Amino acid sequence: MPIRRPAAALAGRTAGWLSRLTRRGGGTAVSGLVTSALDPTFVPDTLRQLHSTITITGTNGKTTTTAALCALARAAGQPVLTNPTGSNLERGLAAALLPHVNWIGKVRHATHLRAILELDEWAFASLAPTIRPRVAVFLNLFRDQLDRYGEVDRTAAAWQEAIDRLDPDATVVANADDPAVVAVARNHRGPVLYFGADVTGSSTTPDAWADVRRCPLCDGRLDWNRVVYAHLGSYRCLSCHFHRPKPDVRITDFQPGGLTGSSYRLITPDSDGYIQVKLPGLYNAYNLAAAVAGAQAAGIPTADAKDTLETFQPAFGRAETIQAPGTTITLLLVKNPTGANQTLDLLRSEPEPLDTLVLLNDGVADGEDVSWIWDVEFERLAPRRLLVGGRRAEDLALRLKYADVVPTVDQLLVCPGIGPALDAALASEPGSQSRRLIVLATYTAMLDLRAVCTRRGWVDPYWRAAA
Amino acid sequence: MTASGPVLRIAYLYPDLMNLYADRGNVTCLERRCAWRGITPEIQRLEWNDRLVEAADLYVIGGGQDRQQQLASQGLTTRNADRILSDLADGAAMLAVCGGYQLMAHRYRAADGSEVQGLGVFDAETIHPGSHVPRCIGNVVCDWNESRIVGFENHGGRTYLGPDATPLAQVVRGHGNNAEDGTEGAVAGNAIGTYLHGSVLPKNPHLADHIIKAALVRSAPEFELGPLDDSAEWAAHRGALRAAGLR
């Protein structure tokens, strides 16, 4: 143990406590930032004491998949340590570990405890060699905040380096439907477990914003016999015969249920049955399939998976429901074209047009480049009433003008402040009764909106909601 | 408005390879601004193995990753160089953004040292100094034609203009071509190269109309571009100025 560990842990705890005290946040990242800065081997040293570590990475679905995998482990009576607030850089891991260590850095009951951790794409690449996960889950790879993450091919290359250094007895769990993921996962020296969706896609061409169009191995022409969405689907290279591997855990008979849930058949090597879940959309079906595959790879019993998955609630900000006086708000995080387009499809599957507020911020955590909204097919949106807000509300209004969603831009309230935008959206029309409001928001806009709702007593703060 | 005006033939080069930063917003913008004025936009989307047969009034290409750029370069130089260069020599217009801009200059030396051949529309070349050197990322504001253009840049390569190239604009905020000489983009005849995403045209309606006018010069020189209500465009333009720390 480094001699300064007790001091680092104490400093971290104090910083986290101060952050909560001053109401600057949940203290989730601050305590970890301080600890890992003072004690760089804190995270790997702590994780090494535990039973095992499972990592979850990918562009979309990390928080939901991590929460579902934790629920499966807990249902099987296994104690879990996790980073539930979506704080998925090294500092987030340190913050999640801090409450579990004593003053000399020892974790109590360590050998029974599993760490189930979501990791940012680049944090996974840099941390995997030292934290040595027993199971590494790879969800998908889409373009996302290119000013922060860089080009998609570079992320894939970084994953490949990390996978090459995984222990041979670690299991890689990978999305069979994502050629970019399979191209790196297949090189793992140990076992690879695949999950996928056998659903009838309406198209055989990847969407315009898809990131894989040609074979990731040889640049040959990839041929899809169906596309689920973006570049996910069933594919085969016409030159080198790279193709979608047969999934071990798969979804079939998918039935959408609007924003409130979905049902489908979930097939694993040792089970087969229909489930009805509270998570909407095909993208969440992938997340739950990944969680079940992750549990299987980690030796977590999934006999009771059906009950656990059917009662599982969405993570904060992910189709989360907030009750305001007279209005039910559904809050949907959108942060990249694939996620946003999937969300728009969900809204379209609702039986009637809904009041919709879209919030666009350009903070570091949102992506400072707002260009991506031109890859979002707002043309698909058919709202009853549409308002826009956030720091780049004007860019959003312009995008919607060119999408021809509203007759004139004057009908969009362009309002940079989150609170005033929410108030305008909530202001009910004369005579209207209880109603619903859909809010699509980028990451910091989602946190800002939740903070407004928390101040008004409508919802718990995110660090408590996630706990 | 009725479609009594001229036809504008737009060749959109390799949208499947060169749309990393949603530069397809430029095509959406051109399409709508033409239609609003009774111009009929005819858009041809070129795939990697396609060969352009018919002439175009306007070529559009966006940015992509190194590997996709390599493929686009093959498609351009082996199948379509003659068509594009002869149309441009004849006065056709072009908007080439980021990776597309690099491909329209002489050559691009990628981070791994490999060279990608360009079409040489612009007398310029691009060198990627290596992946250890920070990329040029951030909001950009430039002086252009006695006004301003705004956007967002994200490029590893540094572009250096040769003696026969004219810069498109002068950098007020951001890096531009190479973060050294204060230039941004290049102009050659009616062709424009730039590093600006955003997408660049929707929030710079004066640049969009400048390009539409240039593209119509041969087929409909008399056609007047009527004014549009651009209040939403200029509001987004001001939003981008604010994001760059300017008013």
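A crossing of two helices is left-handed if the near helix is turned anticlockwise from the far one by less than a right angle, and right-handed if clockwise. Keep that handy for Exercise 1. The model is predicted, so local features need pLDDT of at least 70 and side-chain atom pairs count only at pLDDT 80 or more, while totals for chains, interfaces and linings use all residues. Residues are numbered from 1 along each chain as its sequence is written, and chains are lettered from A and ligands numbered from 1 in the order in which they are written.

**Exercise 1. Work out how α6(A) and α8(A) sit against each other.**

Step 1: find the helices, which are DSSP runs of H or I with at least four residues (strands are E, at least two), numbered from the N terminus. You want residues 121-131 for α6 and 152-164 for α8, both in chain A.

Step 2: get the geometry. The axes come within 9 Å and cross at roughly 20 degrees; axes are lines fitted to C-alpha atoms, for helices over the stretch in contact, and angles run from 0 to 180 degrees between N-to-C directions.

Step 3: name the arrangement. α6(A) and α8(A) are therefore roughly parallel (under 35 degrees; over 145 is roughly antiparallel, 65 to 115 roughly perpendicular and the rest oblique). The crossing is left-handed.

Step 4: list who touches whom, a contact being two C-beta atoms, placed from the backbone, within 7 Å. From α6(A) come A:Glu121, A:Trp122, A:Phe124, A:Ala125, A:Ala128 and A:Pro129, and from α8(A) A:Thr155, A:Ala158, A:Trp159, A:Glu161 and A:Ala162.

Step 5: sort them by class. That gives eight nonpolar, one polar and two charged residues (Ala, Val, Leu, Ile, Met, Phe, Trp, Tyr, Cys and Pro are nonpolar, Asp, Glu, Lys and Arg charged, and the others, Gly among them, polar).

**Exercise 2. Do the same for α1(B) and α4(B), then see what covers α1(B).**

Step 1: the helices pack at an angle of about 70 degrees, with axes 10 Å apart. That makes α1(B) roughly perpendicular to α4(B).

Step 2: α1(B) brings B:Cys29, B:Leu30, B:Arg33 and B:Cys34 to the contact, and α4(B) brings B:Ala208, B:Asp209 and B:Ile212. The tally is five nonpolar, no polar and two charged residues.

Step 3: look at burial (buried means 20 or more other C-beta atoms within 10 Å of a residue's own, exposed 12 or fewer, partly exposed in between, with C-beta atoms placed from the backbone). Among the buried residues of α1(B) are B:Arg24, B:Val27 and B:Leu30. Their cover includes α13 (393-403) of chain A, along with β1, β2, β3, β4 and α4 of chain B.

**Exercise 3. Describe α12(A) and a residue of strand β17 in chain A.**

Step 1: α12(A) spans residues 337-348 and reaches 16 Å from first C-alpha to last, close to the 16 Å expected (1.5 Å times one less than the number of residues).

Step 2: nine of its twelve residues are buried. They pack against α10 (281-298), β13 (327-333) and β17 (435-441) of chain A.

Step 3: A:Leu437 is in β17 and counts as buried because 21 other C-beta atoms lie within 10 Å. Its C-alpha is 6.2 Å from that of A:Thr328, 109 residues apart along the chain.

**Exercise 4. Break down the side of chain B that touches chain A.**

Step 1: 28 residues come from chain B and 24 residues from chain A.

Step 2: α1, α2, β9 and α5 of chain B each give two or more residues, and α5(B) gives the most, with six.

Step 3: by class, this side of chain B has 13 nonpolar, nine polar and six charged residues.
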